[in-house]
Amino acid sequence: MLENEHCLFLKREEPVLVGSGMIVTRQHRETVFDLTPAEWEATYELLQRVKTMLDEQYKPDGYNVGWNCGSVGGQTVFHVHLHVIPRFPDEPLAGRGIRYWLKQPTNRRP
């Protein structure tokens with residue numbers, strides 16, 4: 001497990017999103033908008049270390065990195081966490097990022 005003074009990386013063992021995990025703060029913060037400057041800096045520092053580790057371990061060709069904020073934004077655990085998802089060219093949805101789903105005509109507001 002990778003960690004620093006303000007946050008830690010929790011790797012999730014998932015059959016589909018291989019190598020993915022989350023950077024979470026040690027102190028409770030509900031969303032990214034509640035982070036202190038020190039937590040922002042620590043998150044960035046840890047993200048760089050996580051990328052190095054995942055690059056060495058899995059050799060992904062890309063990443064999705066993102067925050068979900070609020071229930072309408074997809075947040076289901078109300079403790080801030082930064083998703084880090086390695087991406088590979090042999091995935092059926094390779095090349096489709098986070099915004100792909102949000103831009104679909106079916107997501108248009110009434």
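How much space lies in the largest cavity? In this predicted model, the space in the largest cavity comes to about 30 Å³, and a search of the whole structure finds one cavity of 30 Å³ or more. The report below starts from the sheet, then turns to the cavity and the pockets, and ends with individual residues.

## The sheet and its helix

Four strands form an open sheet in the order β1-β2-β4-β3, and their pairing is antiparallel. The edge positions are taken by β1 (7-11) and β3, each of which has a single partner strand, so that one side of each is left without a neighbour in the sheet. From one strand to the next, the twist averages 20 degrees.

Helix α1, which covers residues 37-58, packs on this sheet and touches β1, β2, β3 and β4, while its direction makes about 30 degrees with that of β1.

Strand β4 is joined to β2 by four bridges, the two strands running antiparallel, and to β3 by six bridges, again with antiparallel strands. Within the pairing of β2 and β4, Ile23 stands opposite Leu82, and Met22 stands opposite His83. On the side of β3, the bridge partner of Gly62 is Arg87 in β4. Six of the seven residues of β4 are buried, so this strand is largely enclosed by the rest of the structure.

## The cavity

Which residues line the largest cavity? Its lining consists of Cys7, Ile23, Val24, Thr25, Thr43, Trp67, Val80, His81 and Leu82. At least two of the lining residues come from each of β2 (21-25) and β4 (81-87), and β2 gives the most, with three residues. By class, six residues of this lining are nonpolar and three are polar, with no charged residues. Ile23 and Leu82, both in the lining, are also the residues that stand opposite each other in the pairing of β2 with β4.

Thr43, another residue of the cavity lining, is found in helix α1. Is Thr43 buried or exposed? With a relative accessibility of 4%, Thr43 counts as buried, because the limit for that class is under 20%. Leaving aside neighbours within four places in sequence, Thr43 is in contact with Cys7, Ile23, Leu35, Trp67 and Leu82. Cys7, Ile23, Trp67 and Leu82 also appear in the lining of the largest cavity.

## The pockets

The volumes and the lining classes of the two pockets are set out here.

| Pocket | Volume | Nonpolar residues in lining | Polar residues in lining | Charged residues in lining |
|---|---|---|---|---|
| Largest pocket | about 620 Å³ | 14 | six | three |
| Second largest pocket | about 160 Å³ | four | seven | one |

The largest pocket has a volume of about 620 Å³, and of the 23 residues that line it, the closest to its centre are Asn64, Ile85, Gly97, Ile98 and Trp101. Strands β3 (62-67) and β4, together with helix α2 (98-102), each supply at least two residues of this lining.

Which residues line the second largest pocket? They are Arg12, Met22, Val24, Asn68, Gly74, Gln75, Thr76, Val77, His79, Val80, His81 and His83, and β2 and β4 each supply at least two residues of the lining. Met22 and His83, both in this lining, stand opposite each other in the pairing of β2 with β4. Val24, Val80 and His81 line the second largest pocket, and these residues are likewise part of the lining of the largest cavity.

## Two exposed residues

Lys59 is placed in the loop between α1 and β3. Its phi is near 55 degrees, which is a positive value in a residue other than glycine. With a relative accessible area of 59%, Lys59 is exposed, because that class begins over 50%.

Thr106 is found in the segment after α2, and at 78% relative accessibility Thr106 counts as exposed. How many residues apart along the chain are Thr106 and Val32? They are 74 residues apart along the chain, and their C-alpha atoms are separated by 28 Å.

Terms used: Residues numbered from 1 in each chain as written. Predicted model: local features only at pLDDT ≥ 70, side-chain atom pairs only at ≥ 80, totals over all residues. Heavy atoms only, no water. 1 Å grid on protein atoms, 1.4 Å probe; cavity = no way out; pocket = protein on both sides within 12 Å on 5 of 7 lines; lining within 4 Å. Points joined across faces, edges and corners; volume = space filled by probe spheres on them. Nonpolar A, V, L, I, M, F, W, Y, C, P; charged D, E, K, R; others polar. Pairing = 2+ DSSP bridges. Axes fitted to C-alpha atoms, helices over the stretch in contact; angles between N-to-C directions. Contact = heavy atoms within 4.5 Å. Buried < 20%, exposed > 50% of the residue type's maximum accessible area, 1.4 Å probe, protein only.
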